[in-house]
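Please work through the following exercises with the coordinates open. Each task is followed by a solution in steps.

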Amino acid sequence: MMYRRDWLPSVFNDFFNNDMMPKSGSTAPAINVIENEKSYVVELAAPGMTKDDFSVNINDEGNLTVKMEKKQDKKTEDKKSHYLRREFSYTRFEQTLILPDDVEKEQIVARVSDGVLTVELPKIEPVVNKVSREIVIS
């Protein structure tokens, strides 16, 4: 007969590591940052959120701060059994992103669509000084 010493940890892992029990830290939404030649785009997954649930601003240090907060209070009463059930849900998230030097901070735009907050950070157009002149040959 083979004796396994690790049976207890595997039982706990199977119990706690499943879809029924949320993992700690799983409330933080996923963030994507995309760069193209004209801008940076920040996408934040926020299913069920509306634009009123967000606050997006530039803080005193010039960094982008995204705050998300949603409160829900649902009451359901079943008339047959006189059972009162209450569900509370509260979601709060805050993230500060250090902006690159080439972001035009006055032109930042944000929108919410299909459960995704999108913040577009346009890049400053580089100033190209073309100097053309005649060079005197001595």
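**Exercise 1. The hairpin of S1 and S2**

Determine how many residues lie between S1 and S2 in their hairpin, and in which sense the two strands pair.

Solution.
- Step 1. Strands are DSSP runs of E with at least two residues, and helices are runs of H or I with at least four residues, both numbered from the N terminus. S1 covers residues 31–35, and S2 covers residues 39–45.
- Step 2. Two strands pair if DSSP finds at least two bridges between them. S1 and S2 have five bridges and pair in the antiparallel sense.
- Step 3. The hairpin leaves three residues between the two strands. Within the pairing, Val-41 of S2 stands opposite Ile-34.

The model is predicted, so local features need pLDDT of at least 70 and side-chain atom pairs count only at pLDDT 80 or more, whereas totals for chains, interfaces and linings use all residues. Residues are numbered from 1 along each chain as its sequence is written, and side-chain values use heavy atoms, with hydrogens and water left out.

**Exercise 2. From the hairpin to the sheet**

State the order of the strands in the open sheet that contains S1 and S2, and identify its edge strands.

Solution.
- Step 1. S2 pairs with S7 (residues 116–122) in the antiparallel sense over seven bridges. Leu-44 has Leu-117 in S7 as its bridge partner.
- Step 2. S7 in turn pairs with S6, again in the antiparallel sense, over five bridges. Here Ala-110 is bridged to Val-119, and Ser-113 to Val-116.
- Step 3. The result is an open sheet of four strands in the order S1-S2-S7-S6, with antiparallel pairing. S1 and S6 (109–113) are the edge strands, each pairing on one side only.
- Step 4. Neighbouring strands of this sheet are turned by 15° against each other on average, direction ignored; the axes are lines fitted to C-alpha atoms, for helices over the stretch in contact, and angles run from 0 to 180 degrees between N-to-C directions.

As background, strands of a sheet pair through backbone hydrogen bonds, either parallel or antiparallel.

**Exercise 3. The loop between S6 and S7**

Find the sign of phi at Asp-114, and decide whether Asp-114 is buried or exposed.

Solution.
- Step 1. Asp-114 lies in the loop between S6 and S7. These strands form a hairpin with two residues between them.
- Step 2. Phi of Asp-114 is positive, near 50°, in a residue other than glycine. Most residues other than glycine have a negative phi.
- Step 3. Buried means under 20% relative accessible area, exposed over 50%, and partly exposed in between (1.4 Å probe, protein chains only). Asp-114 has a relative accessible area of 78% and is therefore exposed.

**Exercise 4. Val-33 and Thr-65**

Classify Val-33 and Thr-65 by accessibility, and list their contacts beyond four places in sequence.

Solution.
- Step 1. Val-33 is in S1. Its relative accessibility is 57%, so Val-33 counts as exposed.
- Step 2. A contact requires heavy atoms within 4.5 Å. Val-33 is in contact with Val-41 and Val-42, leaving aside neighbours within four places in sequence.
- Step 3. Thr-65 belongs to S4 (residues 64–78). With a relative accessible area of 5%, Thr-65 is buried.
- Step 4. Not counting residues up to four places away in sequence, Thr-65 touches Ser-55, Val-56, Asn-57, Asn-59, Glu-94, Gln-95 and Thr-96.

**Exercise 5. The nonpolar core**

Establish how many residues the largest nonpolar core has, and which elements give two or more residues to this core.

Solution.
- Step 1. A nonpolar core is a set of buried Ala, Val, Leu, Ile, Met, Phe, Trp, Tyr and Cys residues joined through side-chain atoms within 4.5 Å.
- Step 2. The largest such core has 16 residues, and Leu-44, Phe-54, Leu-64, Met-68 and Leu-121 have the most contacts inside it. S2, S4, S5 (83–97) and S7 each give two or more residues to this core.
- Step 3. S2 is mostly covered, with five of its seven residues buried.
- Step 4. The contacts of Leu-64 beyond four places in sequence include Val-56, Leu-97, Val-119 and Leu-121.

**Exercise 6. Rings and charge**

Identify the ring over which the charged end of Lys-123 sits.

Solution.
- Step 1. The criterion is NZ of Lys or CZ of Arg within 6 Å of the ring centre and within 35 degrees of the ring normal.
- Step 2. The ring is that of Tyr-40, and the charged end of Lys-123 is 4.8 Å from its centre.
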